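Subject: Structure for your review

Dear colleague,

Please find below the structure that I am handing over to you. My notes on what was found in it follow.

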Amino acid sequence: MNKILVVDDDQDILMLVQVMLSMNNFNVEAVSRWEEIDNAMKVFKPDLVLLDVSLGGADGRDICKKMRLEKNTEDIPVILFSANAEMGNSIHDCKAQAFIPKPFELSNLLQTIRTYVN
Amino acid sequence: MFKFRDISIRNKLILMQVFTSVLVLFVVFGVFIYTDINSYKVRKKDSIVSLANVIGTNSISTLQFQDQEAATKMLAELHNVAPEIIHAGITDANGQVFASYSKPGEETFKIPRVLNGKAYVFINNQLFVSNPIMNNDQILGRVFLEIELSDLQQIKEYKYELAAVLLSFAIVFSFLIALLIQSYISRRLLQLVKTMKKVGKTGDYNKIITDDGKDEIATLIQVFNKLMQQIKENIEKKDQFIGIASHELKTPLTSIKGYVEMLDLMQTEPQKKQFIQKALSNVNKLERLVKDLLDVSKIQSGQLQLEMQEFNIDSLLNETIESVEMVSPTHKIIRTNDCDNQLIIGDRQRIEQVLLNLLSNAIKYSPGENLIEVECEKTEKELIIKIRDFGIGIAKEEQLNIFERFYRTKDLSMHISGFGLGLYICRDIIRRHYGKIWVESTGKGSVFHFSLPIKHSLQTQQTVV
């Protein structure tokens, strides 16, 4: 079962994605505070990270960049998602695999995730 | 027609300076030439009058003794004394010619009528003098002299030529000086104009002009800088607003949409499923409206950024048509031809947005019909995509307005939802691709056209811009 770490500061979206991915046979860890990411990486060891860009105090793109510099996390695929569609233009800078604008279709999200795991 | 108002400030300043200096010089030269020639005439007249006096004095005795021969002989001497004299004559107290002289080759002497009682008169280049011959307050007769002022003509010509040459030099010099001086005024103005034009075109409000003058132009520049600063601040505020609005509107929408989708997946009871789907389709509608509003805000503040890439227009057309047909099964969208797999440089997502907009409009405005046609036309420089519907059409007077913001059709016979922003956004996207968008409609249905430059011409246009 693939492990997916979801990070979003909006609790409702977090729960939505968590439930949807669980229903589709993913092992999901949901984190709403960016401070908890480091710990989740170490303990949960995700196969993919679904990361919100604006995390109230931190930028998902910076977190993604930081992941690329650390040996343990550099190969983990990252999918960024944000309500600001323009952010999609800057995913190459932080070496994220994909960008999904909010609001998203669940099917689209699922399809994108499946592209990078399995 | 030439209008002084229409020429540039730079040329106006030059023209004004050249005109002023030439006008002043013209007047000055005129006065000089006039006084010069006049004083020459006065001198000439004085010398001829004194000559006439001498002749008069010398002819008193000849008149008293009626010695015509002596008088004629005396006059004949004039040929050596003053060769410019053409005619000379002495009349007696009765006004009869007593003695006369004519320069060889000239007609015989006649009393010049032009004098008409005056002591002297200048006619053309001739001077006529009439001087009384007095003896003890008694008038014995008159001396008439007619002089050819051959050097007057020469002097005039010389002065005119000199004036013309000096004036030409003056024009050249004043032009050169004006060229130098005007740049001081016009350079700053032109810089301001250039910057303003650039700001208008690019929407880059960071342009600030440095100028340390204290005159009105400096004030103008200061006001401009201040305005730029204010605009910049307003745009920053607006950007912040767009950012916040974007996030705050879309985040709850994401939740609603996601949960309703989940409900839709989980629900099997037809009635409930139908309700859920209605909610879902309205959420999607709301999502599109929010996107449109944010796009318009971005367009207005020049923040709509294009992600340029090369893509195949045929595959984009096929994908878009497929996705539209999926949500609108009422209409069949057919392509009448293909675009030879033409490659286009542009923002694929934004062009897709234009296509989606035009296709969904075509469907929206042709209820009861079931066909939409998509045609491709290729010229040397551009690719034109035509989307044809067979619906209600667009009245001629509305055809330009439909691309404006918040424009809604005046045809109230059908209720169409939306803000009226779609075509405005389409027009902006196409314009940013250096293309055009327009509509043709002749009653039955309408054809929306948009053009995109083909690769090579887009590149040259970009270097121009």
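What percentage of the 465 residues in chain B do buried residues make up? The model is a predicted one, and in it 23% of the residues of chain B are buried. Chain B contains 10 helices and 12 strands. Of the contacts in this chain that link residues at least 6 apart in sequence, 64% are between residues at least 24 apart.

I turn next to the nonpolar cores. The largest of them comprises 35 residues. Within this core, A:Ile4, A:Val6, A:Leu50, A:Val78 and A:Leu80 have the most contacts. Several elements of chain A supply two or more residues each, namely strands E1 (3–7), E2 (27–31), E3 (48–52) and E4 (78–82), together with helices H1 (11–23), H3 (60–69) and H4 (106–116). Helix H1 of chain A contributes the most, with 6 residues. A second core, separate from this one, has 33 residues, among them B:Ile387, B:Tyr424, B:Val439 and B:Phe450.

A:Leu80 may serve as an example to examine in the display. Leaving aside residues up to four places away in sequence, A:Leu80 touches A:Leu51, A:Val53, A:Gly60, A:Arg61, A:Cys64, A:Met87, A:Ile91, A:Ala96 and A:Phe99.

Finally, there is the contact between the chains. Chain A provides 15 residues to this contact and chain B provides 16. On the side of chain A that touches chain B, H1(A) gives the most, with 5 residues. By class, that side of chain A consists of 8 nonpolar, 3 polar and 4 charged residues.

Yours sincerely

Notes. Residues are numbered from 1 along each chain as its sequence is written. Chains are lettered from A and ligands numbered from 1 in the order in which they are written. This is a predicted model: local features need pLDDT of at least 70, side-chain atom pairs count only at pLDDT 80 or more; totals for chains, interfaces and linings use all residues. A nonpolar core is a set of buried Ala, Val, Leu, Ile, Met, Phe, Trp, Tyr and Cys residues joined through C-beta atoms within 7 Å. A residue is buried if 20 or more other C-beta atoms lie within 10 Å of its own, exposed if 12 or fewer, and partly exposed in between; C-beta atoms are placed from the backbone. Helices (H or I, at least four residues) and strands (E, at least two) are DSSP runs, numbered from the N terminus. Two residues are in contact if their C-beta atoms, placed from the backbone, lie within 7 Å. Ala, Val, Leu, Ile, Met, Phe, Trp, Tyr, Cys and Pro count as nonpolar, Asp, Glu, Lys and Arg as charged, and the others, Gly among them, as polar.
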